[in-house]
Amino acid sequence: MARPGPRGGQPIPPRQRPRLLLRCIVFSILSIIILVGLALLIAWLAVRPQRLVYTVEEGKVHGFDLQNNHLNASFDFVFESYNPNRKVSLYYDSIAVLVTYHDQTIAFDSIEPFYQRRYNVTKFGVKPMARSVPLSGKVSKDLKHEQSYGEMDLEVQLKARIRFKIGIWKSSRSTLTNFCNPVKVHLDSSKAFKRTYCGTHS
Ligand SMILES: *[C@@H]1O[C@H](CO)[C@@H](O)[C@H](O)[C@H]1NC(C)=O
Ligand SMILES: *[C@@H]1O[C@H](CO)[C@@H](O)[C@H](O)[C@H]1NC(C)=O
């Protein structure tokens, strides 16, 4: 566009200045994006966040009584929580444990807050209880069916409120939900429980 005008001698007034400015701005923005990206990459490489590992180590039920679509049962679970990170430690501000069957919550318990260091393995036990929990007809029927086989496939959810600590920096609180599925509990307590891994997807 900045060519000489059609009549020879008179060039069109230069319009380079705004373009140069625009180029400068675009270049600056790109540089900032690249620098921030590099900083994030370096931080990520330094910290190398690893996924937290949860397993159900023990699962028992006693006092199982299902009558008129109402359930009584006492569960007993032992979980293991492993923090494989070499730089990240964790504050568990709360952990709620929900026992569900066919998407219906049948029992609930929670544990005390705790702090977990790097590479640490912490075991914790919970005892969710179902006291006269009303069940839908279908849930009741299916659960009775499982009872007749002497074992139940439950889903256990761990809902944790956590904060991360890296060096002296602490993150804000976030919620982490892990699903342990299927957790096979036997009515006959002499039968061995099989360890179940939990994941962030149901
Ligand atoms: C469950 O336990 C309560 C008392 O804690 C009792 O009143 C109720 O009848 C029991 N229900 C069943 C289905 O056993
Ligand atoms: C993990 O941390 C808890 C609490 O600080 C401690 O009691 C336990 O011994 C630690 N476990 C391992 C394997 O380091």
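These legends walk through a few close-up views of a predicted model.

**View 1. The residues around ligand 1.** Start with the shell: D65, Q67, H70, N72, R131 and S132 sit around ligand 1. Sorted by class, that shell has 4 polar and 2 charged residues, and no nonpolar ones. To find your way along the chain, look for strand 1 (53–67), strand 2 (70–82) and strand 7 (129–134), since each of these supplies at least two residues of the shell.

**View 2. Polar atoms facing ligand 1.** Zoom in on two of the side chains. In N72, a side-chain N or O atom is 2.3 Å from an oxygen atom of ligand 1. In D65, a polar side-chain atom lies 2.7 Å from an oxygen atom of ligand 1. How much of ligand 1 does the protein bury? Taken alone, ligand 1 exposes 360 Å², and the protein buries 51% of that.

**View 3. E80 and K123, a salt bridge between two strands.** Side chains of opposite charge can pair when their charged atoms come close. Here E80 pairs with K123, and their closest N and O atoms are 3.8 Å apart. E80 belongs to strand 2 and K123 to strand 6 (residues 121–126), so this salt bridge ties together parts that are 43 residues apart in sequence. Is K123 buried or exposed? K123 has a relative accessible area of 54%, so it counts as exposed.

**View 4. D93 meets R163.** Now for another salt bridge, this one between the side chains of D93 and R163, at 2.8 Å from N to O. The two come from distant parts of the chain: D93 is in strand 3 (residues 88–101), while R163 is in strand 8 (residues 151–166), 70 residues apart. D93 is partly exposed at 21% relative accessibility, and R163 is partly exposed too, with a relative accessible area of 22%.

**View 5. K184 and D153, with a look back at D93.** Strand 8 turns up again here, as the home of D153. Its partner in a salt bridge is K184, with the closest N and O atoms 3.0 Å apart. K184 sits in strand 10 (residues 174–186), and the pair links distant parts of the chain, 31 residues apart. Relative accessibility is 36% for K184, which counts as partly exposed; D153, at 31%, is partly exposed as well. Which residues are joined into one network by salt bridges that share partners? They are D93, R163 and R173. Across the whole structure, a search finds 8 salt bridges, including the one between K184 and D153.

Note on methods:
Residues numbered from 1 in each chain as written. Chains lettered and ligands numbered in written order. Predicted model: local features only at pLDDT ≥ 70, side-chain atom pairs only at ≥ 80, totals over all residues. Heavy atoms only, no water. Near = heavy atom within 4 Å. Polar contact = N/O pair within 3.5 Å; in protein donor to acceptor, adjacent residues only side chain to side chain. Areas by Shrake-Rupley, 256 points an atom, 1.4 Å probe, with all protein chains shown as cover. Helix = DSSP H or I, 4+ residues; strand = E, 2+ residues; numbered from the N terminus. Nonpolar A, V, L, I, M, F, W, Y, C, P; charged D, E, K, R; others polar. Salt bridge = Lys/Arg side-chain N within 4 Å of Asp/Glu carboxyl O. Buried < 20%, exposed > 50% of the residue type's maximum accessible area, 1.4 Å probe, protein only.
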